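The exercises below ask you to read a structure step by step, with a worked solution after each task. Please look over the sequence and the model before starting.

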Amino acid sequence: MKVSYYPGCSLHATGKEYDQSVKAVSRALGIELAEVNDWSCCGASSAHMTNYRLSVALPARNLASAEKAGLDVMVPCAACFNRFKMAQHHLRENGALKKEIEEIIGESCRGDLAVRNPIDVFSKDIGLEKLAEKVTRKLAGLKPVSYYGCLLLRPPEVCEFDNYENPVLLDKIMEAMGAEPRNWSCKTDCCGGSLTLGKTDIVIRLVDKLMTMAREAGANCLVTACPVCMANLDMRPREEIRLPVFYFTELMALAMGLPGPTEWFKLHNTDPAPLLKSLALL
Amino acid sequence: MGAFLEEVNRRIDGVPIQRCYHCRKCSAGCPVAFAMEYNPNKVIKMIQMGKRAEVLGSSTIWLCASCETCVTRCPNDVDIARMMDVLREMVIEEGLGAREKKILKFHEAFLAGIRSGGRINEPMMIARYKMTTGDLFSDLKMGLDMFMKGKLSLISPKTKDMTSVRKIFDRTKK
Ligand code: SF4
Ligand code: SF4
């Protein structure tokens, strides 16, 4: 299977270990990734919070580039994924806007490409059974809660790949890896996102609540697919209640015996090594 | 009266906000409501009452994190998240000054980063934000830690065709 790959800005910096683990797992599953030609930033929340047309035009430039390759485009970052899906939605719903955006970006953009998150590709195209077969070291004793945050599943009629109030695919992937996911009610709660610099106190309050709830659910770590959530969860909670946070692909690579995890874990702010060592997983 | 409501609805270009029957489901689920001076559904009421200055001058519209919980749960499909975007755009276009200055400065630093390289270089973007807000020392240790771990670098690959990126910014300027 071959897909286009849009890493986005975060995956080249604060989300480096997400980029590397997505690539490692994809390779092991036989998914070939071809980077979107000369990609640019999707505009993230800063574009749509301040300038509507800019917020559609920036993803459209990338979608137009990916459309030339004609393959499904895999977008690991939840924020980029959301902006791509939203832009496509607006382009499809509003003919006048589509025309205007095409003039702005100087080329045509159909807006019909399949934009996919790796959670979706791994669990549906590869399949949970096949994923389980790849496991060489079961993640026994690891009890993650799945944290999707806002941007992967809302609004549901646009994002559409998992249940928006109680999504299950991440739990199922973790189960396939031999982990013991815990159920909780905060899967799609908000971490405060980009308020992290301008309004740090709000973000601290939100992530403290998430850590407390995760502990109450009996979890010993959190698993996510969003570099913004990762940064907030990994760095902002009060020291006393922090739990390690992983990108789901890091844990897949660990279970599949792929090279890389030890180096990636060193990039985390909250060191996951003590937990993993206590479970004899590292 | 009514002009502010019409203007907001025209910009939202979707479900008219007066379809709201104030069940407050949006405000109950809003993660940031605790910090807002007006709850999301209160903002709708205020727009209906023509309270333009109060709404555009409120912190609420900047604190909204665009989590989309409200619109997802609203029984009447009122798109509060989009409404908040529209209200912020109005403040910016009219040069009214944002009540939450640091939040707008963050967005400006972010967009300036895209304009200059096509992609965000996170340390440069944060430096730009810190220069304009004067908030130089918060999170300094965290940033240095990330540098030491080799996560962040001051130089990162840029988009090659920058002409097309600049054009997008020029053509979407109001
Ligand atoms: S959920 Fe919808 S109908 Fe209910 S108060 Fe909010 S906007 Fe109004
Ligand atoms: S989108 Fe904004 S107003 Fe709506 S629930 Fe989220 S933070 Fe609150």
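## Exercise 1: the two chains together

The contact, meaning heavy atoms within 4.5 Å, takes 53 residues from chain B and 52 residues from chain A. This is a predicted model, in which local features need pLDDT of at least 70 and side-chain atom pairs count only at pLDDT 80 or more, while totals for chains, interfaces and linings use all residues. Residues are numbered from 1 along each chain as its sequence is written, chains are lettered from A and ligands numbered from 1 in the order in which they are written, and side-chain values use heavy atoms, with hydrogens and water left out.

Task: find how much area is buried between chain B and chain A, and which residues of chain B lose the most.

Solution. Begin with the term: buried area is the accessible area (1.4 Å probe) that two parts lose on being put together, summed over both. For chain B and chain A this comes to about 4,900 Å², and carbon and sulfur atoms give 61% of that area. On the side of chain B, the residues that lose the most area to chain A are R119(B), K151(B) and I168(B), which together make up 14% of what that side buries.

## Exercise 2: the domains of chain A

Task: state how chain A is divided, and describe how its two domains meet.

Solution. The bounds come from an automatic or database domain assignment, and they divide chain A into domain 1 (2-116) and domain 2 (128-278). The contact between them draws 24 residues from domain 1 of chain A and 26 residues from domain 2 of chain A. Next, take the centres over C-alpha atoms, which are separated by 23 Å. The two domains of chain A bury about 2,100 Å² between them, with 73% of it on carbon and sulfur atoms. Within domain 1 of chain A, E17(A), Y18(A) and L29(A) supply 27% of the area buried against domain 2 of chain A, more than any other three residues.

## Exercise 3: cysteines without a bond

Task: explain why the structure holds 0 disulfides, using C9(A) and C191(A) as examples.

Solution. A disulfide is a pair of cysteine sulfur atoms within 2.5 Å, and over all chains the structure holds 0 of them. For C9(A), the closest cysteine sulfur is in C41(A) at 3.9 Å, which is too far for a bond. For C191(A), the closest cysteine sulfur belongs to C229(A) and lies 4.2 Å away, again too far for a bond. As for accessibility, buried means under 20% relative accessible area, exposed over 50%, and partly exposed in between (1.4 Å probe, protein chains only). By these limits C9(A) is buried at 9%, and C191(A) is buried at 4%.

## Exercise 4: two residues of chain A

Task: decide whether M252(A) and A114(A) are buried or partly exposed, and name what each touches.

Solution. Helices (H or I, at least four residues) and strands (E, at least two) are DSSP runs, numbered from the N terminus. M252(A) sits in helix α12 (residues 248-255) of chain A and is buried, with a relative accessible area of 0%. Setting aside neighbours within four places in sequence, M252(A) is in contact with V25(A), F122(A), L131(A), I173(A) and M177(A). A114(A), by contrast, belongs to the loop between α5 (95-105) and β4 (115-116) of chain A and is partly exposed at 32% relative accessibility. Not counting residues up to four places away in sequence, A114(A) touches D72(A) and V73(A).

## Exercise 5: chain B and its ligands

Task: describe the make-up of chain B, then the surroundings of ligand 1 and ligand 2.

Solution. Chain B has 11 helices and 0 strands, and 49% of its 174 residues count as buried. In helix α1 (residues 3-12) of chain B, the buried residues include F4(B), L5(B) and I12(B), and the buried residues of this helix pack against α3, α4 (52-56) and α7 (80-93) of chain B.

Turn now to the ligands, where a residue is near a molecule if one of its heavy atoms lies within 4 Å of it. Around ligand 1 there are 14 residues, the closest being C20(B), C23(B), R24(B), C26(B) and C74(B). The elements that give two or more residues to this shell are α2 (25-29) and α3 (40-48) of chain B. To sort a shell by class, Ala, Val, Leu, Ile, Met, Phe, Trp, Tyr, Cys and Pro count as nonpolar, Asp, Glu, Lys and Arg as charged, and the others, Gly among them, as polar. The shell around ligand 1 then has 9 nonpolar, 3 polar and 2 charged residues. Ligand 2 is surrounded by residues including C30(B), C64(B), C67(B) and C70(B), and its shell divides into 10 nonpolar, 1 polar and 1 charged.
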